[in-house]
Amino acid sequence: MSKAVSAETHHIPIVTFLNGIVQRVVGAVAWINVLLAVLILITVILRYGFHRNGLFLEWPLVPMEELMWHFYSVPVMFGLAYSITTDTHIRIDILRTHMSNRLKHIFEILGLVLLLMPCLVILLDFSFDYAVYAYTHNESSQSTMGLPHRWIVKSVIPLSILLMMIASMARLIGEIVLLMHLGKEPDDDDIPPRIRMTARLLRPLLIVEDNSHEKGVD
Amino acid sequence: MELAPENYLVIAMFVSFIALLFTGFPVAWVLAGVGITFAGIAWWTDDMGWTMTGLDYNTLGLLVGRIFGIMDNWVLIALPMFIFMGLMLEKSGVAERMMHSMQKLFGNVRGGLAVTVALIGIILAASTGIIGASVVLLGLMSVPVMLNQNYDKSLALGTVAASGCLGILIPPSIMLVIMGDQLAVPILDLFMGAVFPGLILGALYIAYIVVYCKINPDKAPLAKDHGEIDLKTVLQALVDILPPAGLILLVLGSIFMGISTVTEASGIGALGATLIAVIFRRFNWKVLKDVVINTMNTAAYIFAIFVGATIFALVLRESGGDELIESALTGLGFGPNGLIIFVLVVVFFLGFFLDWIEISLIILPLLAPVISALNLQINGFGVVEFPNLTWFALLVAVTLQTSFLTPPVGFALFYLKGVCPPEVKLTDIYRGVVPFIILQLIALILVFIFPELVTWLPAVAYGNI
């Protein structure tokens, strides 16, 4: 199948560079999900393996359970920016697949400038204060045995919004460049990136196992 | 009904949201952008003295706290963990193994291949809950095989699309996690309530395939190389079903018997799926990395709609949207059952162009107070905490099954089209899903008439029967 129309594949240096930053940072943060699974396992073992010493375990269990939602929320917040670079946010594709490339780029530019970017600016403004407030007031968990330094997880919000700004800036530049070079881009294969991502994840398996049948894709 | 000036803002907000969706800009950012824009508009119309919403720039400051509220959420931890479990299990090759051995097992049955797909759909459904992934996997795996065997295109595609969607209903399902969070209903109850509706749907699909193939044998030819079924084939099929089935029993069993919470079970499920991948020698660094990155990406695009919906809902609520919808619904003059039917019809039609995520995040919270206030008399056997809402959530969940299949925007259709050989047209898929949509409506009517299908299992688990 042919190439996709995404700024990523056109090697516009500045776009590749900005996306690279986001993807490297978030790609590393994503591994926290593995830590989360392991943390859950440890909690379960502690709780059910040593449940007789319930009181004694109060101390490690409370902070560990708080750590769990820290571990869930950080990759998910940072992932918002990653999904912009991979263009995998959910879209209603029905009309879009029939639009000319020119119209697609124009809608994308308008959407980024009028819908997404104003939100990011406003959210950055408030969330920065939110994190600073947590730091200056030395906020910590409401539970006495909970985690201190709430500002660390609260500053995840402005940081992830900053990353989203970088990612959406990269998309904006890419879309503008593509709009100016209409007709010089590879053909669109009409498969939304979100679907292509899942297909790419699940495809290699078949080549290994399924020798007896013809491949339907590629 | 007399409309206040603020009501026009609310209506305009909904209309612009729907209209902008069709530009193809990401749903999450349309929600967020429309929310922020209308906060600005309301601020201005307040200023002009036309409305009294009280919205201004500082109101938007509440948003950060709301976003933190989604982060600081014990329930939603299960979201990335169930996604991880599903993707890892699909990477582990269990589906191909099942496909391979069950294909042999049903080799002598007309439509055996389609039945195999439906069965794998049901088993995978219990393990994933990411509709895209199930449809893609089933599509990649079975569509070429079925077309090779000269199956009727529509039958093949309809089976794949419908079976792939079961994941979102059969527990553990991330949709039910999100619904439970939004409605403040125990997720445990929703999981248990979904078991029978999910199995009924699966059974209806299989019954339909078998009957259809009996009537139209030419639409589903037998494989050329089909052989006799011996004990070895049966045993092989059992061995191949065992790992995913065992994992599901472990995860669901420990939740249902009250041994572990949903969150704990999701983490254990993620590790269990990894263990299966290791046993099947599919586990390596690259697989783990792929799963980790895709888990993050998938969780993020669902979470993005959480963020967008939070912004949209805040502005909607501040402009009096909640009361408008509540008074509009109660002002219709329907009885309790009439109102439920009306809401389900609305959800059915919204499903033509909205996804389950938006419906669960925007529409459900608006409806929850109206539904709770209804005098429904749903039999909760005295132990189900919110029988009305649990039943209602499951009705919506079954209705949403149709939303994945209904053109023009059915998400399963697009995923399936994306991975099918190019000769498959979107219209083939449309034609194929029609009978399955009818089956889904039959299941919906059954759940509507017999609420015990939902409430019986939780009641048994809570030990009151």
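# A tour of two chains, from salt bridges to core

Start with the whole structure on screen: counted over all chains, there are eleven salt bridges here. Keep in mind as you click around that this is a predicted model.

**Stop 1: a charged network in chain A.** Select D87(A) and R91(A). Their side chains form a salt bridge, with N and O 2.7 Å apart. Are these two buried or exposed? Both D87(A) and R91(A) are buried.

Keep R91(A) selected and add E108(A). This pair makes a salt bridge too, and the closest N and O atoms are 3.0 Å apart. R91(A) sits in the loop between α3 (54-85) and α4 (93-96) of chain A, while E108(A) belongs to helix α5 (residues 101-136) of chain A, so their salt bridge ties together parts that are 17 residues apart in sequence. E108(A) is buried, just as R91(A) is.

Now move to helix α7 (residues 156-180) of chain A and pick out R171(A) and E175(A), which lie four residues apart there, about one turn of the helix. Their side chains meet in a salt bridge at 3.1 Å, N to O. R171(A) and E175(A) are both buried. To see how it all links up, select D87(A), R91(A), R96(A), E108(A), R171(A) and E175(A) together: salt bridges that share partners join them into one network.

**Stop 2: where the chains meet.** Color the two chains separately and look along the border. On one side, 73 residues of chain A are in contact with 90 residues of chain B. About 7500 Å² is buried between chain A and chain B, and carbon and sulfur atoms give 77% of that area. Select Y72(A), I90(A) and I92(A): these supply 11% of the area that chain A buries against chain B, more than any other three residues. How many salt bridges cross the interface of chain A and chain B? The rule finds zero.

**Stop 3: the core.** The largest nonpolar core has 239 residues, and M179(B) and F191(B) have the most contacts inside it. Show helix α13 (residues 285-318) of chain B, which gives the most to this core, with 20 residues. Then center on F191(B): beyond its close sequence neighbours, its contacts include F82(B), L176(B), I255(B) and V262(B).

**Stop 4: out to the surface.** Finish with I229(B), L231(B), V234(B), L235(B) and L238(B), which make a nonpolar surface patch of about 460 Å². One of them, L231(B), is in helix α11 (residues 231-256) of chain B. Why does L231(B) count as exposed? Because its relative accessibility is 64%, and the cut-off for exposed is over 50%.

Methods:
Residues numbered from 1 in each chain as written. Chains lettered and ligands numbered in written order. Predicted model: local features only at pLDDT ≥ 70, side-chain atom pairs only at ≥ 80, totals over all residues. Heavy atoms only, no water. Core = buried A, V, L, I, M, F, W, Y, C linked by side-chain atoms within 4.5 Å. Buried < 20%, exposed > 50% of the residue type's maximum accessible area, 1.4 Å probe, protein only. Helix = DSSP H or I, 4+ residues; strand = E, 2+ residues; numbered from the N terminus. Contact = heavy atoms within 4.5 Å. Patch = residues over 30% accessible without salt bridge, like charges linked within 9 Å, V, L, I, M, F, W, Y side chains within 5 Å. Areas by Shrake-Rupley, 256 points an atom, 1.4 Å probe, with all protein chains shown as cover. Salt bridge = Lys/Arg side-chain N within 4 Å of Asp/Glu carboxyl O. Buried area = accessible area lost by both parts, 1.4 Å probe. Lists of a residue's contacts leave out its neighbours within four places in sequence.
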